[in-house]
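Student: I am new to this structure and would like a close look at one part of it. Please choose a part of the surface, and then show me how the rest of the chain fits around the picture.

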Amino acid sequence: MFPFPRLFLRRLWASPLLWALVALAVLLLPLWVLGPQTYITLDDNLDAELAGPYLLARTGTALNYGAHTVLPQIMNGLPRNALRPGLSVTVACFELLPPLPAYLLNMVLVRVAGLLSMYALLRCWLLPAREQRALAAGVALSWAMLPLYSMYGLSVLGQPAVLLAVHTLRGPKPVLWPWLLLALFPLWSNLVLAGVFVLVGAGGYLAWTDWQQRRLSWRAWLGLVLLAVSYGVVEFPLLFSLLRHHFVPHRTEFDLLQLAPATLLSQVRGTLMFGLMGQYHSSLFFRGLLLLTVLLAWWQARLQRRAFPARPVICLLVMLTLLAGFCGFYPSLLGALQGGLPFLRTFNLTRFHFLTPLLWLVVWVLALRTLPAARVRWALVVAQLLVVLLMHREWTLNLRQLLGRPAAAEPNYQQMVAHALFTRVQQALQVRSGQAPAGYRIACLGLPPAVAQLNGFYTLDSYQNNYPLPYKHRFRRLIAGELSKSPQLRTYFDAWGNRCYLLAAELGKNFRVPASHAPIQDFAFDAATFKQLGGRYVVSAVALAHPARSGLQRVGDFADATAYWHLYVYETL
């Protein structure tokens, strides 16, 4: 009598998009079922990206952009405007949930939105035929599972939606949804990492198409203006600190030429790496299968005298080659231009690589749709999905956890954050000092300070992309003795310094010291300066053989079977 619900359910059940979403849910299941034993990316992620939004939510300062607002838990009072904006879907997740569930919720939402974003682009533009729906769903699934940093939101996975919005605004009909999408996109993406380059890329696309068609797509250009203005509103903390000179950032002393010497061999190697593998922040996966698809489609087209989209494919491949060459040879370009353009010290133009995953996928789809055999197309789609899954460290390492074969050097969230262990340390220090963590400051040796921050400690050290330059100079005095022993660490800190850590020459760049590590024999530590900064305790993942030489005394020794760390706590003499 009422056929509509039955018809709707039948159509929904037959929808390739539904099955792609179900497949995505199944693929993401390993990251959820393990609970606190879930592995999440450690480098540049757990040690850098989780503590900031967690503390913004915990302190109620996410939307407090006052010039004097600081986070006392970080670096003796890190200016709030040095951290990510509060108008962010990612920060909202941390307002709602504890760190790990917030991270996982954000990750799932990012990948679902990425799948829908790519599917919409394909169905509305590149694969519009009804019989291409399943192929579009398969490509969108492989796109949604790209191995990238989900804490950057839709900076990469949402780009298809931006491209579709700009393309739609070029059309003759006025449509509302592209304006809404462009206005909201900055709420879930990063201006510095990707937003600037998305604006440049979209502007380049519009300029090229307008020149070809000899007309001005004024609605699309206004859409880009709206996107830029929206970024300005969302990223107000960063722009405010820059325009008002709120503080001098440590980035003004960046010297990337020291970190990446401009030798011909290293730059050729970098070009090949960017071209064939990409970059790990924006998605590291082997592009060889995509190139194979192009060659196979071209060969098949020649054999069967079918049309092949040679012009757009060649143009995109040339663009990708030029971008790889630009990123690979950036040290030489930096050496030539840095003197006349000082901002190049603080702003990394190689982040154009955030555009390359989408460009590669467009090339791939153009080649896929020209292949005559459906079985070949599906074999390539499945193979590409396997490529991205096998290079997706969160997925592979969680699968190993489920199979009972975890990677020893890659601790899961419970082992890394070790809440029970740090709670014991906190209780012991409260008994000793009579103070809560807010009453004293610590620094960490051999473990990321973010771990201590997630456990409620106030740290003098941290991993930050932006913090005051004078603080870097003061902190350097703590570790000057260790830096003098190691030219590598000295360059690492002086020419970069995002990891404002207690460094030790005997550890090198090992910032994750396991419990079985041998003691440090000589730790050249300036305890007097440490006390001047307000420091009282050093929480170390490695024992000091002679702490008195460093102006320290051991006051605690803590271990836990569920933790990656064996912690040694030292107090200043």
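Tutor: Let's begin with what a patch is. Residues belong to one if they have over 30% relative accessible area and no salt bridge, and nonpolar side chains are joined into a patch when they lie within 5 Å. Keep in mind as we go that this is a predicted model.

With that in hand, here is the part I would pick. L63, L87, L216, W218, W221, L222, V225, V229 and V233 together make a nonpolar surface patch of about 880 Å². One of its members, V233, sits in helix 11, which covers residues 218–234. How open is V233? Its relative accessible area is 51%, and exposed means over 50%, so V233 counts as exposed. A value of 51% also clears the 30% that a patch asks of its members.

Now step back to the whole chain around that patch. There are 26 helices and 10 strands in the chain. The radius of gyration is 26 Å, close to the 25 Å from the globule rule for 573 residues, so the chain is as compact as a globular protein of that length. Measured out along the principal axes, if you will, the C-alpha trace spans about 80 × 65 × 45 Å. The accessible surface comes to about 24,900 Å², and carbon and sulfur atoms own 66% of that. On the inside, 55% of the 573 residues are buried. Among contacts with a separation of 6 or more, 73% are between residues 24 or more positions apart.

To see the opposite of an exposed residue, turn to Q384 in helix 19 (residues 374–390). Its relative accessible area is just 2%, and buried means under 20%, so Q384 is buried. Setting aside residues up to four places away in sequence, Q384 touches S142, F285, L289, L290 and W364.

A134 offers a case in between. This alanine is found in helix 7 (residues 133–144), and its relative accessibility of 31% makes it partly exposed. Apart from neighbours within four places in sequence, A134 is in contact with P16 and W378. The C-alpha atom of A134 is also 7.6 Å from that of L17, although the two are 117 residues apart along the chain.

A helix can show a buried side as well. In helix 25 (residues 487–494), L489, Y492 and F493 are buried. Viewed down the helix axis, the buried residues fall within an arc of 90°, so they line one face of helix 25. An α-helix has 3.6 residues a turn, so residues three or four places apart point the same way. What do the buried residues of helix 25 pack against? Their partners are helix 13 (256–259), helix 24 (469–485) and strand 7 (499–500).

Charged side chains add another kind of link, with a count of 14 salt bridges. One of them joins D43 and R512, with N and O 3.1 Å apart. D43 belongs to helix 3 (residues 42–46) and R512 to the loop between strand 7 and helix 26 (527–532), so this pair ties together parts that are 469 residues apart in sequence. The two partners differ in cover: D43 is partly exposed at 41% relative accessible area, whereas R512 is buried at 16%.

A second salt bridge pairs K485 with D522, whose closest N and O atoms are 3.2 Å apart. K485 is in helix 24 and D522 is in the loop between strand 7 and helix 26, so to speak two distant parts of the chain, 37 residues apart. K485 is partly exposed, with a relative accessible area of 38%, and D522 is partly exposed too, at 36%.

A third one brings D557 and R554 together, their closest N and O atoms 3.5 Å apart. Both ends are partly exposed, D557 at 41% and R554 at 42%. Elsewhere, salt bridges that share partners join D43, R393, E410 and R512 into one network.

To return to where we started, follow helix 11 to V233, and you are back at the nonpolar patch that V233 shares with residues including W218, W221 and L222.

Note on methods. Residues numbered from 1 in each chain as written. Predicted model: local features only at pLDDT ≥ 70, side-chain atom pairs only at ≥ 80, totals over all residues. Heavy atoms only, no water. Patch = residues over 30% accessible without salt bridge, like charges linked within 9 Å, V, L, I, M, F, W, Y side chains within 5 Å. Areas by Shrake-Rupley, 256 points an atom, 1.4 Å probe, with all protein chains shown as cover. Salt bridge = Lys/Arg side-chain N within 4 Å of Asp/Glu carboxyl O. Helix = DSSP H or I, 4+ residues; strand = E, 2+ residues; numbered from the N terminus. Buried < 20%, exposed > 50% of the residue type's maximum accessible area, 1.4 Å probe, protein only. Rg over C-alpha atoms; globule rule 2.2 N^0.38 Å. Contact = heavy atoms within 4.5 Å. Arc of directions from axis to C-beta.
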